[in-house]
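User: Hey, I've got a protein model open and I'm not sure where to start. Can you walk me through it?

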Amino acid sequence: MAQVLVIGDDLTGSNATGALYARRGLRAVTVSDPTHVARYAHRVDVLVVNTASRHWSPARAYAAVRAAAATAGDAPLVVKRVDTTLRGNPGSELDAVADALAARAPAGRVRVLAVPAFPDAGRTTVGGLHLVDGVPLTRTAVARDPFDPVRHSRVTAVLGAQSRRTSGELPLDVVECGPDAVAAALRASPAEVVVCDATDNTHLETVARAAAALAAQDGIRWLALDSGPFGAALATELGIRPAVAPVRVLAVVGSVTDRTRDQLARTEAALGARWTEVDPDRPDAERALDGLRTAAAAGATVLGVRVRPAAPGAAPSGADTAAGILRCLADVARRAVDELRPGGLYASGGDVAAAVTAALGADGFAIDSEVLPLAISGRLVGGPRDGLPFATKGGLIGGPDAARDCLEHLRAAATRTALTPER
């Protein structure tokens, strides 16, 4: 049985949401025909059901969503995916899923976390108001949508226009105090639906961490109402992992800038990445390999080697030192690929990528896609590692989540398996 059930109301949004889970290594599939639910529910980690109900009447949408929730079985995490601008029938469809869960387990403690923010798409929630690029919904084009005009900017008002459930708000200042403060506020709230403010991805992760703690401590089962990223974050915090172990990936990073350090810290928090360091003054490939071996033995699926920053006040490295570091990183990559057999390889920095590619005896690089500007995913061409998934990123490119996004994309590409319908 799928570990996550997502019910969306249109196909493009459903597919985009499934992609967010796939980036975390989970196998996701979207179906639109209810008869296909049973065929795939036990074969994937995340089943996304598109009811195509955005433009329907609230009553018709309720019936379709409740039927989908009943057909898909009892997944540990259920997510009602809503439009990033709250168009359609979010309140009635929320009630449909909540009613289905309550009917299946009348004694269960089901509560709703509504976190519709999608910071990477410019959708944020502040003071209970949902914003598009900082502008309240009612002052954007969605207020004039010919099919589903949005009448309110306050999330509780949008939901309350259709939902029977009580709602409350959890403000941004509480979210910024961290998971413990959020957990305390959620525990104290009497509302059936709690709408949480969020303006960046760390806020989504904070709320998800708090919700996971309450699930473990208080036995609460959360129904997530979100536009995509919060549900994926909650799945991670709840410990939902691929039924098939994710493929190990190896990362090689030469940059020592503060931006790079911040990016790598995000990979530790989000992906459990384990990093070993090369001393720039005495680069030792064997010592770095020992660190990678230890991390692999501990079960880490994202292994990395990076360069230790120079001590404060130290003189800048010369050309000979830089060349020695490159040779060491390339040697570590070659030996680690041979010994640890990663399913994917990530290199940050143009010189590092070139050195690693040459050390692996590759002829070049087949480009598949752009993860973000100046960050490319593809496969090695030629040599003994022909076809190995490979991603590169400029050392100074991207925001705090850039390395995490590249590694998630690479891991998903490496673990993806073709799904064929049962006969």
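**The sheet, the pockets and a helix pair**

Analyst: Sure, let's begin with the sheet: eight strands form an open sheet in the order 2-3-1-4-11-5-10-9, and the pairing is parallel. Keep in mind that this is a predicted model.

User: Okay, which strands are at the edges?

Analyst: Strand 2 (28–31) and strand 9 (167–170) are the edge strands, and each pairs on one side only.

User: And how much are neighbouring strands turned against each other?

Analyst: On average by 20°, ignoring direction.

User: Can we zoom in on one pair? How many bridges join strand 1 to strand 4?

Analyst: Four bridges join them, with strand 1 covering residues 4–8 and strand 4 covering residues 77–81; the two run parallel.

User: What stands opposite Ile-7 there?

Analyst: That's Lys-80, in strand 4.

User: Switching topic: pockets. What's the volume of the largest pocket?

Analyst: The largest pocket has about 350 Å³. Its lining is made of 18 residues, and the ones nearest the centre are Gly-254, Val-256, Val-307, Ala-322 and Ile-325.

User: Which elements give two or more residues to that lining?

Analyst: Helix 12 (319–340) and helix 13 (350–359) do. Helix 12 gives the most, with four residues.

User: What kinds of residues line it, by class?

Analyst: You'll find 10 nonpolar, six polar and two charged residues in the lining of the largest pocket.

User: You mentioned helix 12 and helix 13. How do their axes cross?

Analyst: The axes come within 8 Å and cross at roughly 45°.

User: Why are helix 12 and helix 13 called oblique to each other?

Analyst: Angles under 35 degrees count as roughly parallel and 65 to 115 as roughly perpendicular. The crossing here is at roughly 45°, so helix 12 and helix 13 are oblique to each other. As for handedness, helix 12 passes helix 13 in a right-handed crossing.

User: Nice. Back to pockets, how much space is in the second largest one?

Analyst: The second largest pocket holds about 300 Å³. It has 15 lining residues, and Thr-236, Arg-241, Ala-270, Leu-271 and Arg-411 lie nearest its centre.

User: Which elements give two or more residues this time?

Analyst: For the second largest pocket, those are helix 9 (229–237) and helix 10 (258–271). Helix 10 supplies the largest share of that lining, three residues.

User: And its lining by class?

Analyst: The second largest pocket is lined by seven nonpolar, four polar and four charged residues.

Note on methods: Residues are numbered from 1 along each chain as its sequence is written. This is a predicted model: local features need pLDDT of at least 70, side-chain atom pairs count only at pLDDT 80 or more; totals for chains, interfaces and linings use all residues. Side-chain values use heavy atoms; hydrogens and water are left out. Two strands pair if DSSP finds at least two bridges between them. Axes are lines fitted to C-alpha atoms, for helices over the stretch in contact, and angles run from 0 to 180 degrees between N-to-C directions. On a 1 Å grid over the protein atoms alone, a cavity is a set of points where a 1.4 Å probe fits but cannot get out, and a pocket is an open set with protein on both sides within 12 Å along at least five of seven lines; lining residues have an atom within 4 Å of a point. Grid points are joined across faces, edges and corners, and a volume is the space filled by probe spheres set on the points. Ala, Val, Leu, Ile, Met, Phe, Trp, Tyr, Cys and Pro count as nonpolar, Asp, Glu, Lys and Arg as charged, and the others, Gly among them, as polar. Angles under 35 degrees count as roughly parallel, over 145 as roughly antiparallel, 65 to 115 as roughly perpendicular and the rest as oblique. A crossing is left-handed if the near helix is turned anticlockwise from the far one by less than a right angle, and right-handed if clockwise.
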